[in-house]
Amino acid sequence: MDIHEEQEVLLSQQPAHLWRRRKLELMQWTEREKQTVEAKRTEIWNDVEVDAELVAALTLLHRAGVRTEFSCAGVSPLDEPIDHSLYAYVTLVQNEAADRFVNFALSKMRSRLLATLETGTGRYDLSSFFIGHNRSFCWWMQYCAAHFMDRNDYSAAT
């Protein structure tokens, strides 16, 4: 591999039986009829349209010095790209605060969190590991961000 090539490093440690469960959930999700439970809600945050379910988490992360780039709550089960994402996710720009937050989130969310690091771009991708757990992922991101903020070992953005 060329040293300039992108490499994605898996940071989370799900056991094999959970990967099998995930694959089964994915197959079932693709076959299932999609019905709208709640319309997608967005807000403008830092001049970017983001899912309303992630605004509190993104704000807390920003205050802790963790830069975010992309996010999607994907909480509408419509099978349309504009209204639905199979996975909820947040992309973080790697820095010291992001490194600490990812480790903290992994310790709290354990197998619920799928975390990877794209070494070439220095981006963390955090997403819901389980299919259809998008709302709980948003809740867990907010929980982890709030508790990370409560800790004394973060570098606050000023």
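Here are three short exercises, with worked solutions, on a predicted model.

**Exercise 1: Helix α1**

Work out which side of helix α1 is buried and what that side packs against.

*Solution.* Start with the length. Helix α1 has 16 residues (16-31), and at 1.5 Å a residue it should span 22 Å; its end C-alpha atoms lie 23 Å apart, which agrees. Next, pick out the buried residues of α1: Leu18, Arg22, Glu25 and Trp29. These residues cover an arc of only 65° around the axis, so they sit on the same side of α1. This fits a general rule: an α-helix has 3.6 residues a turn, so residues three or four places apart point the same way. Now turn to the other side of α1, where Arg20, Lys23 and Glu31 are exposed. Finally, look for the partners: the buried residues of α1 pack against β6 (113-118) and β7 (123-128).

**Exercise 2: Two helices that cross**

Describe how helix α3 (residues 96-109) and helix α4 (residues 134-150) cross.

*Solution.* First take distance and angle: the axes of α3 and α4 come within 10 Å and cross at roughly 120°. The two helices are therefore oblique to each other. Then add the handedness: α3 passes α4 in a right-handed crossing. Last, see who meets whom: residues including Phe101, Phe104 and Met109 in α3 meet residues including Trp140, Met141 and Phe148 in α4.

**Exercise 3: Tyrosine 124**

Decide whether tyrosine 124 is buried or exposed, and find some of its contacts.

*Solution.* Begin by locating tyrosine 124 in strand β7. Its relative accessible area is 6%, and buried means under 20%, so tyrosine 124 is buried. Beyond its neighbours within four places in sequence, tyrosine 124 is in contact with several residues, among them Leu11, Val90, Gln94 and Val102. Take glutamine 94: it is 30 residues from tyrosine 124 in sequence, yet the two are 6.5 Å apart in space, C-alpha to C-alpha.

Technical notes. Residues are numbered from 1 along each chain as its sequence is written. This is a predicted model: local features need pLDDT of at least 70, side-chain atom pairs count only at pLDDT 80 or more; totals for chains, interfaces and linings use all residues. Side-chain values use heavy atoms; hydrogens and water are left out. Helices (H or I, at least four residues) and strands (E, at least two) are DSSP runs, numbered from the N terminus. The expected span of a helix is 1.5 Å times one less than its number of residues. Buried means under 20% relative accessible area, exposed over 50%, partly exposed in between (1.4 Å probe, protein chains only). The arc is that of the directions from the helix axis to the C-beta atoms. Contact means heavy atoms within 4.5 Å. Axes are lines fitted to C-alpha atoms, for helices over the stretch in contact, and angles run from 0 to 180 degrees between N-to-C directions. Angles under 35 degrees count as roughly parallel, over 145 as roughly antiparallel, 65 to 115 as roughly perpendicular and the rest as oblique. A crossing is left-handed if the near helix is turned anticlockwise from the far one by less than a right angle, and right-handed if clockwise.
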